[in-house]
Amino acid sequence: MARYLSILGLSGALVALLVSSQAVHASTAATNAVPPQTVLIDVPGLAVLGANGNFRDDTPWNPTNTTPPVFQVWDSSFLDILGSNPSVRLISGRDDFAFAHEAPIWIPATNEVFFAGNDGGPLGMSSLTRNNQVFKISLKDVYGTGPQNITFTKVHITPELQMVNGGTPSGRGSSPPGISLVNPNPPYNSTTILDNIHGRQFNSLNDAKIHPKSGAIFFTDVDYGFINDFRPPPLLPNQAYRFDPKTSQLRVVADGFDKCNGIAFSPDGSVAYIVDSGASVKGGYNSTEAATLYAFDVDEKTQVFTNRRVLAWVDTGVPDG
């Protein structure tokens, strides 16, 4: 059975999403017991709104008019996964600076999380002439259950990486996108291991994941750098690649996207997931474009992605990294 969940009210700031590991028993879900900060949507009651119904455009749908942030549960069986005491709360934020855009990377040894500010967005304080910034927080500073505003620290990577997004440099101007290794400890030195495909620059790398078995690096490349005015016109299709850091072999593994974005694998690496955030367009949002999460089978020998199918479509906003 498909299980649907949406979270209403997350934007613009670093947010801690805390989901209890204590699962709700099946009998609890069956009785529709709803934990705090959660609403169970009456799906049958919304199937027909009528000629004078309260239809919506591209605004987020909040049929229960519950004050966000809140978990919207569209299938009661999801309560078994959500747990008995889920919560979402702000741990650090600034209204004037999108300092926590994406690319959260947890370093277990130091219990720190690294992330990047918006690259080229209105509140990103970055552009063709100004690089975006990378920050980190210590999870030791996160405590209690209420809102916080903990300190975030700028990370000075050397050599500097241009427009970090999704854990990869998207490039800026003539500086090429690519894959770089970064020391998570001072002096945060970086080493670039890939910056071209057959002599051509990538468009602007977006997200990357390491395959859990082969150790190969898979990444998506998309034209958001050009759309956000910090990269030249694209030379390549928006597509996904596999890079073997041992041999430097590179190949395309999936194409046919509007704007391929986040990428992930199942724990055993047999299934890959890629989101298409085509609905995110310059200057806003276009609900007629892709906002879809796709699943693929990973070929055991070549690791090319096959058997593409829709796993989920995102009703509000777009799926990201």
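The legends below describe close-up views of a predicted model.

**Figure 1. Confidence along the predicted chain.** The mean pLDDT of the chain is 89, with 90% of its residues reaching 70 or more. Over residues 15–31, however, the pLDDT is below 50, although this stretch has 38 contacts in the model beyond near neighbours in sequence. Where pLDDT is low, the predicted coordinates should not be read in detail.

**Figure 2. The edge-to-face pair of F97 and F135.** The count of aromatic pairs in the model comes to 18. One of them is formed by F97 and F135, whose ring centres lie 5.9 Å from each other and whose planes stand at 75°, an edge-to-face arrangement. The pair links distant parts of the chain, since F97 belongs to the loop between β5 (87–92) and β6 (102–107) whereas F135 lies in strand β8 (residues 134–138), 38 residues apart. Both F97 and F135 are buried.

**Figure 3. The aromatic cluster and the arginine R308.** Ring pairs join F218, F257, F265, Y294, F296 and F305 into a cluster. Two of these rings are also partners of R308: its charged end sits over the ring of Y294, 3.9 Å from the centre, and R308 lies over the face of F257 as well, at 4.9 Å from that ring centre.

**Figure 4. The largest nonpolar core and a second, separate one.** The largest nonpolar core holds 15 residues, of which F218, F257, I274, F296 and F305 touch the most other members. Two or more residues are given to this core by each of the elements β17 (250–254), β18 (260–265), β19 (271–276) and β22 (292–298). A second core, separate from this one, has 10 residues, including I179, F202, L205 and Y241. In soluble globular proteins, nonpolar side chains tend to be buried together. Residues up to four places away in sequence aside, F218 touches a mixed set of residues, among them D207, K209, H211 and R242 as well as V253, I263, F265 and F305; Y241, a member of the second core, is also among the residues that F218 touches.

**Figure 5. Q239 at the start of strand β16.** Q239 is found in strand β16, which covers residues 239–243, and is buried, with a relative accessible area of 8%. The side chains of Q239 and Y241 are joined by a polar contact of 2.8 Å. Not counting residues up to four places away in sequence, Q239 touches F219, T220, D221, V252, A254, D255, F257 and C260. The C-alpha atoms of Q239 and S76 are separated by 36 Å, these two residues being 163 residues apart along the chain.

**Figure 6. The buried glutamine Q72 in strand β4.** Q72 lies in strand β4 (residues 70–73), and its relative accessible area of 3% means that the residue is buried. The side chain of Q72 reaches the backbone oxygen of W61 at 3.0 Å.

**Figure 7. The surroundings of E112 in strand β7.** E112, in strand β7 (residues 112–116), counts as buried because its relative accessibility of 14% falls under the 20% limit. Its side chain forms polar contacts with the side chains of T110, at 3.0 Å, and of K136, at 3.1 Å. Leaving aside neighbours within four places in sequence, E112 is in contact with I105, W106 and I107, and also with K136, I137 and S138.

Key
Residues numbered from 1 in each chain as written. Predicted model: local features only at pLDDT ≥ 70, side-chain atom pairs only at ≥ 80, totals over all residues. Heavy atoms only, no water. Phe/Tyr/Trp six-rings, centres within 6.5 Å; stacked < 30°, edge-to-face > 60°. Helix = DSSP H or I, 4+ residues; strand = E, 2+ residues; numbered from the N terminus. Buried < 20%, exposed > 50% of the residue type's maximum accessible area, 1.4 Å probe, protein only. Lys NZ or Arg CZ within 6 Å of the ring centre and 35° of its normal. pLDDT = per-residue confidence, 0-100. Contact = heavy atoms within 4.5 Å. Core = buried A, V, L, I, M, F, W, Y, C linked by side-chain atoms within 4.5 Å. Polar contact = N/O pair within 3.5 Å; in protein donor to acceptor, adjacent residues only side chain to side chain.
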